[in-house]
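Here are a few exercises to work through with the model open beside you. Try each task before reading its solution.

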Amino acid sequence: MTDGNAGQTEKALRGLRHLGIAQLLTQIVTWALTAITVHILTPRDYGLIATAGMFTIFAQMLVDGGLTEVLVSYRELSIDMQGAAITAVFLIASFLGTAIFSVAPLAANFFHSHPLTEILDVSALYLPLTALGFAPGVLLTKQMQFKHLGRIQLITGIFQGVSTVALAYAGEAYWALIIGNFLGMGLRVFLLWHAVDQRPRPNFRFRELRPVLRNGSHMIGQRFSYFGLDNLDVFLLSRYWGASELGPYSVARTLAHTALDKISRVTRQVSVPTFAAKPDTSDQLRGLLTVISVAATVSFPLFWIMAVSSQIALPMIFGTRWLNMVVPFSAFAAILPFRTIYTLMGSSLVGTGRVSLTFKNSLTWLGILTPFLAIGVTQGAEGVALGWAAAFPIVFYVTTRRIARAFSIEPAELLNPLLKPIICAALSASAAEFALLSLAHHLSSSLILTCQCTLASLSYLALLRLLSQTQFKQTLSLMRRIAQR
């Protein structure tokens, strides 16, 4: 390994440590705050926000014109290019905010939900606010200032969670979720700019962006398809079943995906600049295989144990009125290890400049998933969740074959690291289910949950060490290296 690659690896490990600790601490606090908020609010409140999110999330995907990842991976980033990007992103955000404000009444009529008009009118202002954090976020990521980014994520995450709980307790209903987002984003923008040493000034020299616009257009295409993927289920449930049916489903999906979202955010911030610094294809491939192996080792037990324990955990934490969350949560948790690995491979591809490949994969995903969801929605939220669970393994296999071809290797080379973690996680989850069946009438819910998680975790570690010492030692070694940075 060259000195340059070694230096980039060390920076990546330090970044994983800083961002990982920040995300873990944030998640512990926000999970607790989310549980309180869910107890206070109603399924309809979350259903309304999920419906409005289809418009605001779509707009946020377009706000930066695909420039964030592209500029992070771009080797030469001039001051003029930075300033032009700031101006372009803010103008796009303002335009999209105006568009949302204009279509709000039509959206309310289409989804038969009158409060949606006011929600979208206010949410339109959120887009220019997010645009203000674009430039400092890119600069800090490109400079691998992960310690600053980790602190900012921790502070803003906790502040937003506390604000949301306070507003919900004050009786603000779904407005608590909206205002909490505004407060959290406002603080994040302030802290990002405060952390940047040299602040670029906005300008109108848009010709400076020409070298990166091509890859930016690929990112926009990918985001269009990804938006359809990530919101088709919400659209179908909101249109045909309403906010009350959508509410428990959206909360279950959010909770199940929280760990994935945090992992993806951390690794994307670290992996894109790290892979961009690896010009040699063999180095990129070794890095990709390491990412897949470690991700499989960690994600399969994490999510599959979550799926089994959700039968006890969700009713205990959120109350019986949220029982409809259990089946969707379990269905999502079952496929989330594959989504985690897929997401990490996507970040690696962006870092290596293969942006067009991620766009093709998104289109493939959309084509496979759509018929499954169209059939599943006839059975409500549970049918939609099971549609996801049936479709995504197919998506994962097809897209992995395409990624393997891009690196001129056999698909088995990318898939082999998954086999032993899958076997170990399946046996461990079965042990947790056996514990539930055996102890259901003898112990309290909290003790059963403790026994489940303890038995499953210990059995997974023992099985992995027995069946795959290489992956066990590789993951343990990586965690030690991260902890020592």
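## Exercise 1: Two rings and their surroundings

F110 is partly exposed, with a relative accessible area of 35%. The model you are looking at is predicted.

**Task.** Find out how the rings of F110 and F235 are arranged, and which parts of the chain they link.

**Solution.**
- Start with what is needed: a pair of aromatic rings is described by the distance of the centres and the angle of the planes.
- A search of the whole structure finds 16 aromatic pairs.
- For F110 and F235, the centres are 5.9 Å apart and the planes differ by 20 degrees. Planes under 30 degrees apart count as stacked, so this pair is stacked.
- The pair connects distant parts of the chain, with F110 in helix α4 (residues 79–110) and F235 in helix α10 (residues 210–240), 125 residues apart.
- As for cover, F235 is partly exposed, at a relative accessible area of 31%.

## Exercise 2: A second partner for F235

**Task.** Classify the pair formed by the rings of F111 and F235, then decide whether F111 is buried or exposed.

**Solution.**
- The ring centres of F111 and F235 lie 5.9 Å apart, with the planes at 85 degrees. Angles over 60 degrees count as edge-to-face, so that is the class of this pair.
- This pair also links distant parts of the chain: F111 is in the loop between α4 and α5, F235 is in helix α10, and 124 residues separate them.
- Buried means under 20% relative accessible area. F111 has 8%, so F111 counts as buried.

## Exercise 3: A charge over the rings

**Task.** Over which rings does the charged end of R239 sit?

**Solution.**
- One is the ring of F110, with the charged end of R239 4.5 Å from its centre.
- Another is the ring of Y240, where the distance from the centre is 5.9 Å.

## Exercise 4: R253 and an aromatic cluster

**Task.** Place R253 in its helix, list its contacts beyond the sequence neighbours, and look for an aromatic cluster that includes one of them.

**Solution.**
- R253 lies in helix α11, which covers residues 243–276.
- R253 has 15% relative accessibility and therefore counts as buried.
- Setting aside neighbours within four places in sequence, R253 is in contact with D230, D233, V234 and F332.
- F332 belongs to one aromatic cluster with Y249, Y342, W365, W388 and F392.

## Exercise 5: The whole chain

**Task.** Which secondary structure elements does the protein chain have, and what percentage of its residues count as buried?

**Solution.**
- The protein chain has 18 helices and zero strands.
- Of its 485 residues, 54% count as buried.

How values were computed: Residues are numbered from 1 along each chain as its sequence is written. This is a predicted model: local features need pLDDT of at least 70, side-chain atom pairs count only at pLDDT 80 or more; totals for chains, interfaces and linings use all residues. Side-chain values use heavy atoms; hydrogens and water are left out. Helices (H or I, at least four residues) and strands (E, at least two) are DSSP runs, numbered from the N terminus. Buried means under 20% relative accessible area, exposed over 50%, partly exposed in between (1.4 Å probe, protein chains only). Contact means heavy atoms within 4.5 Å. Rings of Phe, Tyr and Trp (its six-membered ring) pair if their centres lie within 6.5 Å; planes under 30 degrees apart count as stacked, over 60 as edge-to-face and the rest as tilted. A charge sits over a ring if NZ of Lys or CZ of Arg is within 6 Å of the ring centre and within 35 degrees of the ring normal.
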